[in-house]
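Hi everyone, thanks for making time. I'd like to walk you through one model today, starting from a single residue and working outwards. Here it is on the screen.

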Amino acid sequence: MSASSLSLVQTRLRNGLKVRLKPIHSAPLVSVWLWYKVGSRDEYPGITGISHWVEHMQFKGTPKFPPGVLDRAIARVGAYWNAFTWLDWTAYFETLPADQIDLALQLEADRMFNNSFKAKEVESERTVIISERQGHENDPSFRLAEELQAAAFRIHSYHHEVIGDMHDLQSISRDQLHNHYRKYYVPSNAVLSIAGDFSVRPTLDRIRKAFGSNLGTKRPVRNIRDEPAQFGERRITVQGPGETTFLEVVYHAPQGDHEDFLPLSVVNSVLAGASNLNLFGGGISNQTSRLYRKLVESGIATSVDGTLAATIDPYLYSIRMTVSPSRSYEEALAVLDEELDEVLSRPVRKEELTKAIQQARALFAYGSESITNQAFWMGYSEMFADYDWFQNYLDKLAEVEVEQALQTAQKYLVPHNRIVGVYIPNGRPNG
Amino acid sequence: MAKDLELALPKLDIHSLPGPETIVRCQLPNGIVILARENFASPSAVFSGFLSVGSLDESTTRAGLAEMTASSLMRGTSQLASEEIHESIESVGARLIISAGKHSTAFSGKCLTEEFDRLLSIFAQVLQEPSFPEDQVDLVRNEQLTAIAIRDQETGSRAHQCFNELVYPGHPYSQLNLGSSETVAKLKSGHLRKFHEKYYGPKGMVISVVGSVEASEAIANVERFLGGFVNEKQADQSKLPDISPLKGEVREYVPLEGKIQSDLVIGVAGPRRQDPDYLPAALGNNILGRFGMMGRIGQQVRERNGLAYYAYSTLNSGPGPGPWQVIAGVNPGKLEEAITIIKKEISRFVKRGVSREELLENQSSFIGRLPLQLESNEGVCGALTFLERYQLGLDYYQRFPRMVADVSREQIRHAAVRFLDPDRLAIAGAGPALD
């Protein structure tokens, strides 16, 4: 099945809930996703991490589905469910046997409107979330990424990690959580996307019945502060346990719906290999990318990869590498800079562009195979653009020309627009 | 089981599941078993399977050799340089992965359907004619040494390693697949070549193909590229030694400087996959530490006491007695409290068994999730290989709902008593130094 050959039904309920439906009858399954446009972008000092905490609380039950009832009901039918909080959004999904679609609709509608945030449950979850953060802190990559994000965003709320700062996790109150939930968990701030084995008309009737309340039609008012331009390279160092040096260089990058986003993703493919845009399903190796050849084939690093995320506001393009035990991060950075000079001084080769597009075509096809991924894309693309972005993705990518890729690289991949971060291990500082 | 409860179990259309009507199986004269299933709703083709060689076949002084050999296969052949191999794969958005486990070396490939022949031909070549060029082996060694250094700083990895040393002392299951920095630093191209010559061959090899390729064409292509794979000197796989049950509770904790959180692993050696108690143990394990928000363990450790972000149990049965474990990530100050709660839950599970309602819910879950597990080409491909590995029969997935429905509370209790003695558990941890 290809994404373009499948029919999409788009509508909006009177309370503002956007609905995206795609019937696919290849397996007796259905995947139901509910997306809220709220994430760490909507937080400020004092309540960092609150969106992720609200996500946790959504698994704590409601008067209709008390704690333990919801997860048992899902597990009993063999369903798979989960939730994610990110910079711009929070998403919940269930992939389940097609005849159980009502269960997903009922529970998602119920927890959109009726979560009571009991104080006891809030306190129990506080220690769980602190434990989650402590688990992250064991990881050198997290420590480095957190510092890089903070150095990259002085004004904008992308400044902090989704998990939040420890101080706030210790002090956020039950009422702050409930207020955040009430402000953002409203139909007008949500997208319901469903793919799978169902008929459109009866499913729409069920959705109207479950979500048709007129509550919360007011869209949340936001106060997001734009990040000013950066005027000079910033450098940060993190020291910690271990024997391995990690180097991460991030550049301020355009948002997902910006005209420069796809040209920059082509540059990333050439430099560091094709990225998988899907949530599920692996990517491909990057051993023929320019950076792998220069950094890993030479023995300076043991791995390198690049990431460009589609976001609402301008975020970061990141190049990460693990430095070889006997080599230094200065050496790795010098080689990276040589390669960046190359990409800034002349257009990528036509065959490199062709390969990037072919890789994207394959990854896109793999991502369209699963019902869960189909439903994912209908909601995800709405978080930073709209579904046309997904549908036109390959065509737009194929239109990128080598000169355009060069101009985009020259605009973003310049020293004054970057932050260089290095993790230096206490065990054997090989810097 | 009462008739009313039995009726509540999901009713699957068993003929929509992989079975003898849709799986084609054949064996080549050189011994390779091929399984194929068509899926023309997909634009891709995948293949996966295993060779009968793994870290069981390496000596303790060469720990990491099986993995390093597998990782080096794609670094050059008698006809193609590493760069040509990877260019050929990556330029069309395909992927090919080969890695060693304890008992076998697993492989998987995925591509758009029109590239299937090309990918299979590259796979066949790297498998049969690797040249292990020294400069590339140096790079692979460097990567493996870095992976070892990172692994040795991970609290989860260290807790698991500590657990394996407690439960499987002196046994191959306590040996690390990646090896250690001491053993891997000494591995050279010649070691890899000899290991390949001795253990890599068609005997015991299984390959499954799923996707928009006709089954007959898939089989013909596998035969074309791998039918000539021979190794008359292929050694039989090393025998797995027996293990001795624990004589009492054993504990160990690995302090790691600079860490914030501790990882905890509690458990025993579990049943082999072909043990008659496997399915009751798997259902029991689901009740103990998986169902809903991670079963009874998750309810007690995470939901009720807020002690951990993750707390669950896992049963890793394979050709040998893999571990049956409870795993949790906890604040070091709460470690003892978590251990006490987990031991209490294991004890309750063994002594009192499971309720009728719990059994029914979990049977329902096992049956209901089958179509989800088999949704993707990769899922079906893995499932076909699994059938062959454990000689389960082509109708296994169609029989599976009945087999699950027939498991009784007594059988689960029997499996729990047989394997999970609450007084003879291994308790391993790793994290910041404890006070």
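Let's begin with Ser262(B) and what it touches: Tyr253(B), Ala328(B), Gly329(B), Val330(B), Pro332(B), Leu335(B), Ala430(B), Gly431(B) and Pro432(B), leaving aside residues up to four places away in sequence. Contact here means heavy atoms within 4.5 Å. This is a predicted model, so local features need pLDDT of at least 70 and side-chain atom pairs count only at pLDDT 80 or more, while totals for chains, interfaces and linings use all residues. Residues are numbered from 1 along each chain as its sequence is written, chains are lettered from A and ligands numbered from 1 in the order in which they are written, and side-chain values use heavy atoms, with hydrogens and water left out.

Back to our serine. Ser262(B) sits in strand β8 of chain B, residues 262-269; helices (H or I, at least four residues) and strands (E, at least two) are DSSP runs, numbered from the N terminus. Is Ser262(B) buried or exposed? It is buried, with a relative accessible area of 0%; the cut-offs are under 20% for buried, over 50% for exposed, and partly exposed in between, with a 1.4 Å probe and protein chains only. Its side chain is joined to that of Tyr253(B) by a polar contact of 2.9 Å. By that I mean a pair of N or O atoms within 3.5 Å; within protein, one must be able to donate a hydrogen and the other to accept it, and residues adjacent in sequence count only if both atoms are side-chain atoms.

A second serine, Ser104(B), lies in the loop between β4 (95-100) and β5 of chain B. Ser104(B) counts as buried at 10% relative accessibility, and its side chain makes a polar contact of 3.1 Å with the side chain of Arg389(B).

Now the cysteines. How many disulfides does a search of the whole structure find? The count is 0 over all chains, taking a disulfide as a pair of cysteine sulfur atoms within 2.5 Å. For Cys26(B), the nearest cysteine sulfur belongs to Cys381(B), 14 Å away. Cys26(B) is partly exposed at 21% relative accessible area. Cys381(B), in turn, has its nearest cysteine sulfur on Cys111(B), 11 Å away, and Cys381(B) is buried at 1%.

Finally, the interface. Here 54 residues of chain B are in contact with 62 residues of chain A. The area buried between the two chains is about 4,900 Å², with carbon and sulfur atoms giving 50%; that is the accessible area (1.4 Å probe) that two parts lose on being put together, summed over both. Glu90(B), Leu372(B) and Glu375(B) supply 13% of what chain B buries against chain A, more than any other three residues.

As for polar chemistry, the rule finds 9 salt bridges across this interface, each a side-chain nitrogen of Lys or Arg within 4 Å of a carboxyl oxygen of Asp or Glu. One salt bridge joins the side chains of Glu125(A) and Arg302(B), at 3.1 Å from N to O. There are also 40 residue pairs in polar contact across the interface, both residues at pLDDT 80 or more. On the side of chain B that touches chain A, the largest share, 7 residues, comes from α5(B).

Thanks, and I'm happy to take questions!
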